[in-house]
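The paragraphs below go through a protein model, starting with confidence and moving on to cores and one charged residue. Please keep the structure open while reading.

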Amino acid sequence: MSSELPLVNEFNLGPISCHAFNQDRTELAVCFNTNVVSVFRKSGASWNLAWTLAEHDKPVTSVDWAPKSNRIVTCSQDRNAYVWTLDPTSQQWKPTLVLLRINRAATFVRWSPEEDKFAVASGSRCISVCYFEEDNDWWVGKHIKKPIRSTVLSLDWHPNNVLLAAGCADMKARVFSAFIKGVDKKPAPSPWGEKLPFNTVCGEFSSVTGGWVHSVAFSPSGNALAFTGHDSTLTVVNPAAGSVQTLEARSLPYLSVLWLNENQIVAAGHDCAPHLFENKGQQWVFSSSLDSAVKKADVGFTARDTFRRMDSRAQSTTSNDTEVHTHHQNTINSIRAFAGAREHVDQYSTSGIDGKLIIWSTSDIAKGMSNLHI
């Protein structure tokens with residue numbers, strides 16, 4: 001593996017369904033589309049297997065690592081979630097079962113910013129907001145149900161630790177209040193609302209053409225929301241301005257989205273490369289592919305341009321070039337911040353069905369744009 005970015009990590013253990021790093025990025029939790037979560041420890045330029053978390057009965061769908069409390073939460077198709085704590089004596093991860101009370105697969109999980117609760121999405125048309133009950137010494141879930149009409153596919157917490165965004169297969173992205181009495185303090189007023197009792201719907205949005213929502217993400221300030229749909233769109237919502245802008249991509253659908261800062265968004269999915277969107281003059285626009293391995297000649301050309309060039313060269317539409325000109329060789333299903341602050345992400349990680357985990361640098365964006373000639 002090279003020390004230069006993008007840094008490609010190949011585990012060759014199968015498709016990666018989800019991943020999460022610890023606080024100092026020396027340990028990594030990965031699921032290779034099985035019921036086991038593998039925890040690796042950094043050793044020089046390589047990752048060595050340190051632990052296996054094998055409590056689930058069916059494939060693990062999501063994992064998250066709380067940086068401050070050093071706890072791991074996992075959820076699975078077996079309808080369960082576990083909170084894993086590292087025992088200081090035995091140096092082994094100990095699981096605690098969470099009372100989710102769902103009858104369909106758990107699909108996604110994320111810790112809240114304060115790490116005093118977490119949210120689990122599911123196929124039960126509900127979200128379990130889980131918190132720790134001191135009296136009973138267990139984690140228990142409280143359900144957000146209405147008006148969800150289908151499987152919840154993704155979640156993201158607002159910086160205030162109360163608001164929760166959810167992307168659903170009913171083609172809606174919603175913002176809910178996940179306020180838990182006795183756990184949360186009253187949040188300050190925001191563009192999403194002032195009075196926020198549990199299960200309050202602060203916003204409900206969809207793209208112009210409609211498509212189930214794969215990923216949702218709050219901006220660093222929490223004042224805007226981005227979500228991606230299966231109709232190959234990226235939508236940005238600004239409640240303070242009352243604006244909802246949908247961008248129709250020329251690429252295949254995006255499965256994951258991440259804010260680099262207030263004016264830049266990265267999205268990736270079935271096109272196998274991260275794409276950059278930028279806010280220019282209060283309008284969001286597609287900027288470029290961030291994968292330098294993409295053939296430069298194809299960047300920015302429409303399908304009509306491509307056919308014109310092929311016709312001028314007497315090329316057939318049935319090209320024998322089957323190579324994928326990206327670092328990832330298959331769908332990217334997860335983007336996560338790797339280095340920097342929430343307000344300004346310096347590096348981010350992507351994982352995908354090709355079994356690769358890649359670390360990218362945002363400092364290369366300006367350099368790449370200056371060197372791009374079409």
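The chain has a mean pLDDT of 91, and 89% of its residues reach 70 or more; pLDDT is the predictor's confidence in each residue, from 0 to 100. This is a predicted model, in which local features need pLDDT of at least 70 and side-chain atom pairs count only at pLDDT 80 or more, while totals for chains, interfaces and linings use all residues. Residues are numbered from 1 along each chain as its sequence is written, and side-chain values use heavy atoms, with hydrogens and water left out.

Over residues 295-301 pLDDT stays under 50, and the model has 13 contacts (heavy atoms within 4.5 Å) beyond four places in sequence for them. Residues 370-374 also have pLDDT below 50, with four contacts beyond near neighbours in sequence.

The largest nonpolar core (buried Ala, Val, Leu, Ile, Met, Phe, Trp, Tyr and Cys residues joined through side-chain atoms within 4.5 Å; buried means under 20% relative accessible area with a 1.4 Å probe, protein chains only) has 19 residues. Those touching the most other members include Ile127, Leu155 and Leu164. Among the strands (DSSP E runs of at least two residues, numbered from the N terminus) that give two or more residues to this core are S12 (127-133) and S14 (152-157). Beyond four places in sequence, the contacts of Leu155 include Phe108, Ile127, Leu164 and Val216. A second, separate core of 16 residues includes Ala66, Val73, Val83 and Trp139.

Arginine 71 lies in strand S7 (residues 71-76). Arginine 71 touches, among others further than four places away in sequence, Ala66, Val83, Glu115 and Trp139.

Definitions and conventions:
Buried means under 20% relative accessible area, exposed over 50%, partly exposed in between (1.4 Å probe, protein chains only). Helices (H or I, at least four residues) and strands (E, at least two) are DSSP runs, numbered from the N terminus.
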